[in-house]
Amino acid sequence: MKAMDLFQKRMETYHDEFRWLYMELYENDSMFAELCDTMYRFYLERSDALKQMDLDREKDPNWYKRNDMLGMMFYIDNFAENMKGVETKLDYIEQCNVNYIHLMPFLETPKDRSDGGYAVSDFRKVQPKLGSMEDLERLTDACHKKGICVCMDFVMNHTSEDHAWAKKAREKDGEYMSRYFFFENSYLPSLYEHTVPQVFPTTAPGNFTYLSDIDHFVMTTFYPYQWDLNYKNPRVFNEMMYHFLYLANRGIDIVRLDAVPYIWKEINTSCRNLPQVHTIVRLMRIIGEIVCPSVLLLGEVVMEPEKVTPYFGTVEKPECHMLYNVTTMATTWHTVATRDARLLKRQLDVVNSLPKEYVFLNYLRCHDDIGWGLDYAFLKENGMEERPHKQYLNDYFQGYAGASVSRGELYNADPVTGDARFCGTTASMCGMEKAGSEKDDAAMERAVRLDLMLHAYMFLQSGIPVLYSGDEIGALNDYSYKEYPEKAADSRYLHRGAMRWDLAEKRKDITSVEGKLFQGLCLLENIRKTEKAFMSDADTWTIETWEPAVLCMGRYYDGEKIIGLFNFSEQEKTAWIRETDGSYSDLISGDAVDPVDVLVPAYGFYYLKKK
Ligand code: GLC
């Protein structure tokens, strides 16, 4: 089919809805026409190889739901210095069984006001220390040749104050001021503050910043140097869509919509998850389907489950392809701290009851803090109140409460609400930091078991597991961020340390901690990708074990059934289950195990497959 015909065909499929939604927000024919013309230009500019990928993935729309999908996220400089360096590490990435890499923000950002790269000053320029757009294209191409997908952040809620638009706005150019939220006095900002919660209550209080040089307030939901974009202005929407397509054409497969719930603001609301946000995400999905249908949208919605799932849209009108399973992640760590999997079981029941088309990204840790967004109504029934429980979790993971072996730091402790979030690496939270510093081999053994058990449990959930780079070799907290004034106030840098390639060398030595973790994960990954029951759209359910510390999950796909048992306690426990539909064997040891009243070792797990 000729280029124009294919583009036209895709456009025709979506045109009515596309135009309808655009007009609903903007009522602007000429801007809509400009958008359509520019989309066609981006389509023409797209390389033949990427267009071929579009066709292939259109034919196989479930390509990202396979059981061999495994992600890893990293900062380019921490991982391999620069983009060229990442290219040299692709063999390592393959050894990790990873076929999807999330390159943390790499676009131009001011050095000391970057929020880890989430304050973008130029959407079409790579940070010089990391490389260039040509390097990015080479890297994505090299990844595609190895069957590895590349994900990047699209920081669409705000720009850096150093972005060209912000600079013009600061010169009081009205056209550019209208791309942000400017106020002449504090009246409206203080009205907003009545209903808008704070993202960084300690490190960046308030949602507005006063610019004394021009005597104006500007909306800054995140840091004062991250100015919120005004999507009521169609110029903002169109230009941001052109950036999205420009980046897609560099070979990006997965676009992570950073902080997407925040992109539409209305006074007297929380300025989160407003209906217009969904219109914009749906528009973006349509634009992608027309110009670059192989590209997936990954929504970053760090909210409670009822707020997250609407970002999948509906079956007829889908929005994001994938979303983070954030509540499950937080609930997992709650389970570690309490040795009580009842809330986790309930949380998994919620996720398991959702349509199988929904694809979640499962993870234990990422670059951000852990917010304790748990189901407190349920916990209350079991005697746990929100405020003291959050306090317990934070105390526990800092190593102060209960039988804790964890190490880490608080994040944005809010003196007003008493709330705080938590930072630390998986390995430090599992006890490896403490065991290592105390040279306690038995404690180290336990920590490694807990870490592997958590990964085994994560791999058994539906969706795509994503490793946080370094977790495969047990990276510990890195306290060196305190020496850098631009980082010292942001404890998220605690778990953003540089990759220790010296330690990675030990991954082949099974007697080392690194080797136990790396090879343990490889074993799990290989099971996951060879067993059909791990397909994303398998039937999934939980099984009551009558032992709070042991979680039991089942999966079934095309005649194959697997039951997973996970002991969150440092003592052996019996799972009082009774699966009498046949004989089972453990996929790890190969031993026959009868899934009736199973004794699960301390921090141990089983993957039991029905013969
Ligand atoms: C997202 C990022 C976080 C960043 C924020 C502002 O939540 O994950 O790291 O601070 O957006 O862009």
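**Close-up views of a predicted model**

**Figure 1. Helix α14 has the length expected from its residue count.** The 13 residues of α14 should span 18 Å at 1.5 Å a residue, and the 19 Å between its end C-alpha atoms agrees with this. The model shown here and in the other views is predicted. Of the 13 residues of α14, 12 are buried, so the helix is largely enclosed by the rest of the structure. The buried residues are Val326, Thr327, Thr328, Met329, Ala330, Thr331, Thr332, Trp333, His334, Thr335, Val336 and Ala337. Arginine 339 follows α14 and has a positive phi, near 55°.

**Figure 2. Helices α14 and α20 cross at roughly 145°.** Two packed helices are described by the angle between their axes and the distance between the axes. Here the axes of α14 (residues 326–338) and α20 (residues 441–460) come within 12 Å. The crossing is right-handed. On the α14 side the contact is made by Thr328, Thr332, Trp333 and Val336, and on the α20 side by Leu450, Leu454 and Tyr457. Five of these contact residues are nonpolar and two are polar, with no charged residue in the set.

**Figure 3. Eight strands form a closed barrel with parallel pairing.** The strand order is β1-β2-β5-β11-β12-β13-β14-β17. From one strand to the next, the twist averages 25°. Strands of a sheet pair through backbone hydrogen bonds, either parallel or antiparallel.

**Figure 4. Strand β11 is covered on both faces.** This strand comprises residues 254–257. Ile254 and Arg256 lie on one side, Val255 and Leu257 on the other, and all are buried. Strand β5 (residues 149–154) pairs with β11 in the parallel sense over four bridges. Within this pairing, aspartate 153 has arginine 256 of β11 as its bridge partner. Four bridges also join β11 to β12, again in parallel. There, leucine 257 stands opposite glycine 299 of β12.

**Figure 5. Strands β12 and β13 run parallel and are joined by two bridges.** Strand β12 covers residues 296–299 and strand β13 covers residues 322–324. Glycine 299 is opposite leucine 323 of β13. The residue opposite leucine 257 is likewise glycine 299.

**Figure 6. Helix α7 spans the distance expected for its 13 residues.** The helix runs over residues 133–145, and at 1.5 Å a residue it should span 18 Å; its end C-alpha atoms are 18 Å apart, which agrees. The buried residues of α7 are Met133, Asp135, Leu136, Leu139, Thr140, Ala142 and Cys143. Glycine 147 follows α7 with a positive phi, near 75°.

**Figure 7. Serine 114 is a loop residue between β3 and β4.** The flanking strands are β3 (107–108) and β4 (122–126). Serine 114 counts as buried because its relative accessibility is 13%, and buried means under 20%. Residues up to four places away in sequence aside, serine 114 touches Thr109, Ala119 and Tyr225.

**Figure 8. Aspartate 537 is a loop residue between α22 and β18.** The loop connects α22 (513–530) and β18 (539–542). With a relative accessibility of 28%, aspartate 537 counts as partly exposed. Its contacts, leaving aside neighbours within four places in sequence, are with Lys356 and Tyr557. Alanine 442 is 95 residues from aspartate 537 along the chain, and their C-alpha atoms are separated by 39 Å.

How values were computed: Residues are numbered from 1 along each chain as its sequence is written. This is a predicted model: local features need pLDDT of at least 70, side-chain atom pairs count only at pLDDT 80 or more; totals for chains, interfaces and linings use all residues. Side-chain values use heavy atoms; hydrogens and water are left out. Axes are lines fitted to C-alpha atoms, for helices over the stretch in contact, and angles run from 0 to 180 degrees between N-to-C directions. A crossing is left-handed if the near helix is turned anticlockwise from the far one by less than a right angle, and right-handed if clockwise. Contact means heavy atoms within 4.5 Å. Ala, Val, Leu, Ile, Met, Phe, Trp, Tyr, Cys and Pro count as nonpolar, Asp, Glu, Lys and Arg as charged, and the others, Gly among them, as polar. Two strands pair if DSSP finds at least two bridges between them. The expected span of a helix is 1.5 Å times one less than its number of residues. Buried means under 20% relative accessible area, exposed over 50%, partly exposed in between (1.4 Å probe, protein chains only).
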